[in-house]
Amino acid sequence: MPTIPTPGLLRIALGADAVMSGASGLLLVAASGAVAQATALPAPLLLACGLFFLPYAALLAWLAMRASVPRWLVSVLAGGNLAWALACAAVPLLGLLAPGGLGIAFLAAQALAVAIFALMYAGALRRAARTA
């Protein structure tokens, strides 16, 4: 199974993604009602996202400590982050939800952050392909 060494860009991406996902998860689980009230996003959706983020963050932190990560998994992380960014942008644009101003800012910040992580994972894949 082809792998990518984690030192460098991949370790930075995994670590930063783990910290951001863990912090978001803790916030959304602990205060989904307050965040919902401030953003006009549904509390059950925010709670579900928070419950997803916590094990996801743990997985990322574990992967960041590995010497290498399977290439297919890095591809899944890149695609998943890109899909999350697109979903965050699409929700208000398509009228699927009607967040308030803070909700739009919250979704835009998430979209930007996860798009950056997707680019970092894609960069690690390209770098690994050049050195293989």
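Me: Contact here means heavy atoms within 4.5 Å. With that in hand, which residues does Gln110 touch?

Reply: Outside its neighbours within four places in sequence, Gln110 is in contact with Ser24, Phe53, Trp84 and Cys88. The model is predicted: local features need pLDDT of at least 70, side-chain atom pairs count only at pLDDT 80 or more, and totals for chains, interfaces and linings use all residues. Residues are numbered from 1 along each chain as its sequence is written, and side-chain values use heavy atoms, with hydrogens and water left out.

Me: Where is Gln110 placed, and what makes it count as buried?

Reply: Gln110 belongs to helix α4, a helix being a DSSP run (H or I) of at least four residues, numbered from the N terminus. Its relative accessibility is 13%. Buried means under 20% relative accessible area, exposed over 50% and partly exposed in between, with a 1.4 Å probe and protein chains only. Gln110 at 13% therefore counts as buried.

Me: How many aromatic pairs are there, and why is the one between Phe52 and Phe53 called tilted?

Reply: The structure holds four aromatic pairs. In the pair of Phe52 and Phe53 the ring centres are 6.1 Å apart and the planes stand at 55 degrees. Rings of Phe, Tyr and Trp (its six-membered ring) pair if their centres lie within 6.5 Å; planes under 30 degrees apart count as stacked, over 60 as edge-to-face and the rest as tilted. An angle of 55 degrees is in neither of the outer classes, so this pair is tilted.

Me: Then what makes the pair of Phe52 and Tyr56 stacked?

Reply: The planes of Phe52 and Tyr56 are 15 degrees apart, with 5.5 Å from centre to centre. These two residues are four places apart in helix α2 (residues 43-64), which means about one helical turn between them. Phe52, Phe53, Tyr56 and Trp84 form one aromatic cluster.

Me: Which members of that trio, Phe52, Phe53 and Tyr56, are buried and which exposed?

Reply: Phe53, at 7% relative accessibility, is buried, and so is Tyr56, at 15%. Phe52 has 43%, which places it among the partly exposed residues.

Me: How do you know that α2 and α3 are roughly antiparallel?

Reply: Helices α2 and α3 pack at about 150 degrees, with their axes 13 Å apart. Axes are lines fitted to C-alpha atoms, for helices over the stretch in contact, and angles run from 0 to 180 degrees between N-to-C directions. Under 35 degrees counts as roughly parallel, over 145 as roughly antiparallel, 65 to 115 as roughly perpendicular and the rest as oblique. The value of about 150 degrees therefore makes α2 and α3 roughly antiparallel. Their contact is made by Cys49, Phe52, Phe53, Tyr56, Leu60 and Leu63 of α2, with Leu73, Leu77, Asn81 and Trp84 of α3.

Me: What about α1 (9-39) and helix α4 (residues 101-131): at what angle do they pack?

Reply: The angle between α1 and α4 is about 165 degrees, and their axes are 11 Å apart. That makes these two helices roughly antiparallel.

Me: Why is Trp72 called exposed?

Reply: Trp72, in helix α3 (residues 71-93), has 51% relative accessibility, so it counts as exposed. Trp72 and Met1 are 71 residues apart in sequence and 8.8 Å apart in space, C-alpha to C-alpha.

Me: What is noted about the phi of Ala40?

Reply: Ala40 has a positive phi of about 65 degrees although it is not a glycine. Ala40 sits in the loop between α1 and α2 and, at 44% relative accessible area, is partly exposed.
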